[in-house]
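Biologist: Could you take one part of this model and walk me through it slowly? I'd like the picture built up piece by piece, with the numbers left in.

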Amino acid sequence: MKKRILATFMAIVLGISLTACGGTNAQKGTDDGTSKESAEKQDTEGKSNSQGEQKLIVWAWDKNFNVYAMNKAAEIYSKNHEGITVDVQDIMPGDIETKITTALAAGDTSTLPDIFLLQDVTFPKMLENYTNVFTDLSGSGIDFSQFAGAKVSNSVMDGKNYGVPFDNGAVVNFLRTDYLEKAGFTAADFTDITWSDWLAKAKVVKEKTGLPMLMSQAGSPNIIYFMMQSCGASFFDKNGNVNIANNDILKQCIDIYLQMIKDKTLVEVASWDELIGGINNGTAASVIQGCWMMATITSQADQSGKWAFANMPKLQGVEGATNYANSGGATWVVAGVGKQKELAIDFLKETFAGSTELYDDLITAGTGAVGTWSPAKESAVYNQASDFFGGEAVNAKILEYASKIPTVINTPYDGDAQSAVGVAVSNIVQQGADIESELKSAEDTVKFNMGN
Amino acid sequence: MQNNKKGLTLSRKHNLIGWGFLLPATLLIVFMSFYPGIQGFLLSLQVGHGMQLTFGGLKNYVRILKDPVFKEVFFNTFFYLIIQVPIMLVLALILASMLNNKHLRCKAIFRTAIFLPCATSLVSYSMIFRSLFTTDGLVNNIIRSFGMPSVNWFGNEWTARGVIIIALIWRWTGYNMVFYLAGLQNIEYSVYEAAKIDGASPAQSLFRITIPLLKPTILLTAIMSTNGTLQLFDESVNLTSGGPGRATMTLSHYIYNTSFTNNPNFGYSAAMSFVIMVIVAILAFVQMKVGDKR
């Protein structure tokens, strides 16, 4: 009898643990953090019956940023429209892309949402390969001229708009004013300068404080991509052909990067976590990254007042060079296979493309989500001074930077090109390889990927 | 023997019952493994990006031969196989023989401690190893405390590969050790006693008694390790991100990039996956020919 009880007990325990850990044997490669928390937004009017109730399903990531923004938008929209619920599901960006790819490959689109957020870097690739999952918004009444031009261009194909731009990724040069002071500089000394100016000043900072100006993740040289974009250059030419091996602008960027490493004013770290750790611990005097880095920087409350804003340096001798570039950012897409396209379009039009209240709330709630919608910058909230950044109206500045970013050519092969150039730079910097031959093999790799 | 009765003879009934028990599992395997496998092969015959696929015959396989990146990652994967698997299996064997000692106390604690690494999550342990080997990580701190200069583990291709090999050995030795322990239980202690009486040293008893008697188990672990190492993915993605450059990128990581990071080329990825399968099959066949006399 005892044995039987023990046996049944063990069987139950094993059964429970099997079902519980069934998920850990999930596909390799997909993020461990694929959590589907539906944040049901209740109808603010209090009408809880499902008569005429419509539901929009939205996929987005980052609970404190995009998901929050979408929930807020739903709240604002339902004030004027009764019976609409928005169900926001928190899914990582890579997983969203994989899910869409898989659903379309399987021919089963019933699992897809009504609206989803898509990273700008993968937008051209997804748009060209899976056009039927996007909706043409050109005639929808959304005024795209109110958004920053460079941002809108990410979601345009053949002259048609396929997305509602969302968060701003304008590149900002965040400076530690306390370190700069020790070297005898102010933030103004680093605004609107050229890279050769930067190189000279960075050496002084290194001398006087012993700190490098910048940190970069090895193998993923964002700074080079920013430099390229700041003069409107791309890894592809107008006809979509690869332009890496003979790209003089790229060579100039790599030369500057190498010079910084030689001067020890740029330190390479192995991973993103190290980079964030370095920023928070103050192991570099500045950070050049998208404005969304603000959330990380402001997380260190004791550094308040020690940071300042500036734009990035520009390349000299290059026509069309500016002090502005873009890093990241995402765009809302109305799913072309969704069943409530009109509702979704109307919803986005009124909120993300038409509500100052929404953008104001995103700032005051401290999400750090700065939009690219220019009417928002008229509001008082956007012009508030930030104590953390020495009293500057940072949000208005970010919006201003965004409007000056040059538009670059986007192709579906941007991912291939970026990895190939990343490998080339890594070999040049870490293994001392020859620049010409590395760029040639990077171009060959991309050409190979493009060919069949 | 005449079959006078209506219906089935006893042996046929037994056969049918046996097949009846096997049928559900067989059907599941056919639908979950073989059918997708065939679909995958058909996909590998398609050429094109994204959803615009057209039939291309063996074009993808020919393309593999022309792909310089494929050659790079193939070398990396084989490097891990050739260096890591033998070291790990030998270490597992030694540990198993040590733990099989009748007079050893607290065997359970040692066994659990050595086995525990393979129960950890692949992503978690990769990230922890990554932080251990950073420039200011624990390993470099220890090295510095001995007065030697710190090593840039992830900046040099060979040290980066070394980190992956160390991580793999840490993780999988325990797993293989448990197999060997189980196999060692089948060897009677009296054989070792007899050898000791005849004056055999521990090394001699290991080579002349343990290994020959453990051959089936060694064969099993060798085939499983080969299979697992050739399909290495999580360490390449989470530990080193394939870096520096592509020095530590594995075949599976490259396949993933081809499908999801780059402009998707699913036919090509399927073709590469099939090539891995063929290589694993060939290696398994070779190992069985060498190791199994049956």
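Biologist: Which residues of chain B does the UniProt annotation "domain: ABC transmembrane type-1" cover? Please give that part a close look, then follow the thread into the partner chain.

Modeller: Sure, and keep in mind that this is a predicted model. The unreviewed UniProt entry puts "domain: ABC transmembrane type-1" on residues 74-287 of chain B. Over that stretch the chain is 74% helix and 0% strand, and the C-alpha atoms at its two ends sit 20 Å apart.

The same kind of record also has a "transmembrane region" annotation, again from an unreviewed entry, on residues 16-35, 73-96, 108-128, 158-184, 205-224 and 266-286 of chain B. Take two of those segments. Residues 205-224 of chain B are 95% helix and 0% strand, with 26 Å between the end C-alpha atoms. For residues 266-286 of chain B the figures are 100% helix, 0% strand and 30 Å end to end.

The domain assignment cuts chain B a little differently from the annotation: domain 1 is 2-44 and domain 2 is 68-293. The C-alpha centres of these two domains of chain B are 36 Å apart. Where they meet, 5 residues of domain 1 of chain B contact 5 residues of domain 2 of chain B.

Now for some individual residues. A good one to stare at is Glu235(B), in helix H11 (residues 234-239) of chain B. Glu235(B) is buried but has no salt bridge, and the nearest side chain of opposite charge, Arg171(B), is 5.2 Å off. A salt bridge here needs a nitrogen within 4 Å of a carboxyl oxygen, so the pair misses out at that distance. Arg171(B) still turns up among the contacts of Glu235(B), and if you skip neighbours within four places in sequence, the others are Leu122(B), Tyr125(B), Ser126(B), Ile164(B), Leu168(B) and Thr240(B).

Thr134(B) takes us to a loop, the one between helix H5 (122-132) and helix H6 (138-145) of chain B. With 10% relative accessibility, Thr134(B) counts as buried. Its contacts, neighbours within four places aside, are Asn140(B), Phe154(B) and, from the other chain, Glu274(A). As for how far things spread, Thr134(B) and Ile279(B) are 34 Å apart C-alpha to C-alpha, with their positions 145 residues apart in sequence. Ser190(B), in helix H8 (residues 189-197) of chain B, is partly exposed at 37% relative accessible area. From Ser190(B) to Asn76(B) is 45 Å in space, C-alpha to C-alpha, and 114 residues in sequence.

That Glu274(A) contact is our way into chain A. The domain assignment there gives domain 1 (2-16 + 53-168 + 327-381) and domain 2 (171-325 + 407-450). Their C-alpha centres are 30 Å apart, and 10 residues of domain 1 of chain A contact 12 residues of domain 2 of chain A.

The largest nonpolar core has 90 residues, and the members touching the most others are Met70(A), Phe174(A), Trp332(A), Phe347(A) and Phe352(A). Helix H2 (residues 62-80) of chain A supplies the largest share of this core, 8 residues. Both domains of chain A contribute residues to the core, so the core lies between them. There is also a separate second core of 56 residues, with Ala187(A), Leu214(A), Leu315(A) and Tyr413(A) among them.

H2 of chain A handles charge as well. Lys72(A) and Glu75(A) form a salt bridge with the closest N and O atoms 3.2 Å apart, and since they are 3 residues apart in H2, about one helical turn separates them. Lys72(A) counts as buried at 17% relative accessibility, while Glu75(A) is partly exposed at 25%. Further along, Lys79(A) pairs with Glu357(A) at 3.0 Å between the closest N and O atoms. Lys79(A) lies in H2 and Glu357(A) in helix H13 of chain A, so this bridge ties together parts 278 residues apart in sequence.

Helix H13 (residues 356-364) of chain A has Leu358(A), Tyr359(A), Asp360(A), Asp361(A), Leu362(A) and Ile363(A) buried. These buried residues pack against H2, strand E7 (164-165) and helix H14 (394-403) of chain A.

Definitions and conventions: Residues numbered from 1 in each chain as written. Chains lettered and ligands numbered in written order. Predicted model: local features only at pLDDT ≥ 70, side-chain atom pairs only at ≥ 80, totals over all residues. Heavy atoms only, no water. UniProt positions renumbered as here; feature names shortened; annotations may be inferred. Helix = DSSP H or I, 4+ residues; strand = E, 2+ residues; numbered from the N terminus. Core = buried A, V, L, I, M, F, W, Y, C linked by side-chain atoms within 4.5 Å. Buried < 20%, exposed > 50% of the residue type's maximum accessible area, 1.4 Å probe, protein only. Domains from an automatic or database assignment. Lys, Arg positive; Asp, Glu negative; His and termini not counted. Contact = heavy atoms within 4.5 Å.
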